[in-house]
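Welcome, and please open the structure in your viewer. We will take it one selection at a time, so keep the selection box handy.

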Amino acid sequence: MSGETIALIMSGLLLLGLFMGHPLAFVLGGTAVLGALIAGKPMVLGIVINRIFGDVLDNYVLIAIPLFILMARFLSDSGVTDKMFEALRHLMARVSGGLGLAVVFISILLAATTGIIGASITVMGVMALRPMLQYGYDKRLATGLIASSGCLGILIPPSIMLILMASYAPGLSVGQLFAGAMLPGVLLGLMYAAYVTFIAWFKPQWAPPVTEEEQIERGALWRMLILEAIPPLVLILGILGTLLAGVATATEASAIGAFLALLIVVMRGRFEWSNFFSALRETARTSAMILFIVVGATAFTGVFNITGGLRASQELIRGLAEDPYMLVAVMLVVVFILGMFLDWTGIVLLSFPIFLPLVNEMQVDPLWFVVLTAVVLQTSFLSPPFGYALFYMRAIAPPEVSTGDIIRGVAPFIGLIILMCALMIFFPGLVTWLPERLYGG
C-alpha cells in the first residue's frame, strides 16, 4: 500500500475519531494500531513500543512538566495575584481602560509564573470579569481581553508547551526556546494593552474609568503593589534567572519553582494539607493527560513514518511551494487550521515530525520557526469551534454574556496574534536576539 493511501486513511481515521468525541490520546493510539494493521505491517507496533520507552519515558526534560504544573497550583493557592490585581485596579482607576490594562499586566505576570491556560483564564475571569461588567465595560472587550491575555501563559516562559516543543525539536534546548519566546510573548501582551488603550480613547463608553468615590490614596497603593510584587518576582528570578544563566537545567529550574511557590504559600499562611494533597492530585491528573497524548502521538507518528505516510505528507507540502518562506507560510496556515480542531499538544506532536525536517532542509532557522509556531498556536485556544479559552470563559461568564459575545470578543485579538507573526517574519531578530546574547550564534 502506498504512502499516500496510508496518509489519507490514517488522517481520515484521526478526524473520524475526533468528531465522534473520543479523547485525543486514545484516538491517536487507536489510529496507530489500525493504520499498522491496514498497511499489513503489524510488526511496526513493536518498533513503536520500543520508541515510546526509549524516546518518551526516558526523556529527562519532560519531568519539568508536572513540576511546573505543581508550581502553578501552589501559586494559585497563595492568593498573590488577587491582591496584586486589586492594587493595579485601583492604581489605574483614573485611566480610561485602566481595569483592562490591569488584566493584561496581571496576565503577563501569571504567564511568567504559572504557564497554565486554564488556571490563568479562570483566575482572571473570577477576579476581573464581573467588576469590568459592573463598571460598564463592553461584554465583547471584557471577555475577549481576559481569554486572550490568559492564553499568554502558554507562550511566555516558563511554558510547558515550549518544554514539549524542545523535546521534539532536535538541536534546540529549553533555555533557547524560553529566551526566543520571551520578547515575542511580552510584546504580544503589550499589543493587547495598546489595543485596550486605543479602544478606551476611540470608544470611551466601552472601557470607562472607575468613579472618583472608589479611588484610593496612591501612596498606600504603591506600597501594597510593591509588597505583593516581591513573591512572584522572586519566583520568576528563581526559575528564569537560573535557567537562562545556565545555572540549572529546565527540570532543575522547575523543581526550584515548585519549592519557591510552596514557600510562598507557607509564608502567606495559606498552607493547608487538604489543599496540598488536592494540588498533588490535580498535578498527577493533568500530567497524565499530557503524557497519554504524548504516548499516543508517538505511536501515531511512528506508524505514520514507517508505513510511508510521513514521506508522502512532506512531498505534498513541498510541492505546494518552492520558496522557503512560502513553504513556512503554508505550514503556519496548516497549524492555524489544526488549531480550530485540536489542542496544542496534538498539533505539536503531529506537525513537528513532518515540518521540522523540511525546515532544516530549507536551511530556515529552526529556533525562529518553532517560536513562530508557538505564537500561531495562541490562536488554537481562541478559534472556534474547539477553542479551549472560549469554553473556560463560557463556564465563568454570567448568563447575560452569550457565547457569541465571547467569540466576537476574541476576534480582534486573533488579528493581533497574526500581526505579531508578521512582525516576527519581517524582523526575525525579535526571536533570535536574546538567545544569541545568552547562548551565542
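Start with helix α18, which gives three residues to a nonpolar patch, the largest share. Keep in mind as you go that this is a predicted model.

**Stop one: the surface patch**

Now select the whole patch: L15, F19, V333, I337, F341, F386, Y388, F391 and Y392. Together these residues have about 840 Å² of accessible area on the surface. Colour the elements that give two or more residues to the patch, and you will have α1 (3-19), α15 (324-338) and α18 (388-396).

Pick out L15 for a moment; you will find L15 in helix α1. Is L15 buried, exposed or partly exposed? Its relative accessible area is 45%, so L15 counts as partly exposed.

**Stop two: a pocket**

Stay with helix α1, because our next selection uses it too: eight residues of α1 line the second largest pocket, the largest share of that lining. To find the pocket, select S11, S313, V334, L338 and I354, which lie nearest its centre among 25 lining residues. Besides α1, the elements that give two or more residues to this lining are α13, α14 (309-320), α15 and α16 (344-361).

How much space lies in the second largest pocket? It holds about 780 Å³. Try colouring the lining by residue kind: 20 residues are nonpolar, four are polar and one is charged.

**Stop three: an enclosed space**

Next, look for cavities. Rolling a probe the size of a water molecule over the atoms shows where empty space is left. How many cavities of 30 Å³ or more does a search of the whole structure find? There are two, and our stop is the second largest, with about 40 Å³ of space.

Select F74, D77, L262, V265, R270, F271, E272, N275 and F276 to show the lining of this cavity. Helices α4 (64-78), α12 (250-267) and α13 (273-306) are the elements that give two or more residues to it. The lining divides into five nonpolar residues, one polar and three charged.

**Last stop: R408**

Finally, select R408 in helix α19, which covers residues 403-426. R408 has 48% relative accessibility and so counts as partly exposed. Add G54 to the selection and draw a line between the two C-alpha atoms: they are separated by 45 Å, with these positions 354 residues apart along the chain.

How values were computed:
Residues are numbered from 1 along each chain as its sequence is written. This is a predicted model: local features need pLDDT of at least 70, side-chain atom pairs count only at pLDDT 80 or more; totals for chains, interfaces and linings use all residues. Side-chain values use heavy atoms; hydrogens and water are left out. Patches are made of residues with over 30% relative accessible area and no salt bridge: like charges are joined within 9 Å, nonpolar side chains (Val, Leu, Ile, Met, Phe, Trp, Tyr) within 5 Å. Accessible areas come from the Shrake-Rupley method with a 1.4 Å probe; for residues, only the protein chains shown count as cover. A salt bridge is a side-chain nitrogen of Lys or Arg within 4 Å of a carboxyl oxygen of Asp or Glu. Helices (H or I, at least four residues) and strands (E, at least two) are DSSP runs, numbered from the N terminus. Buried means under 20% relative accessible area, exposed over 50%, partly exposed in between (1.4 Å probe, protein chains only). On a 1 Å grid over the protein atoms alone, a cavity is a set of points where a 1.4 Å probe fits but cannot get out, and a pocket is an open set with protein on both sides within 12 Å along at least five of seven lines; lining residues have an atom within 4 Å of a point. Grid points are joined across faces, edges and corners, and a volume is the space filled by probe spheres set on the points. Ala, Val, Leu, Ile, Met, Phe, Trp, Tyr, Cys and Pro count as nonpolar, Asp, Glu, Lys and Arg as charged, and the others, Gly among them, as polar.
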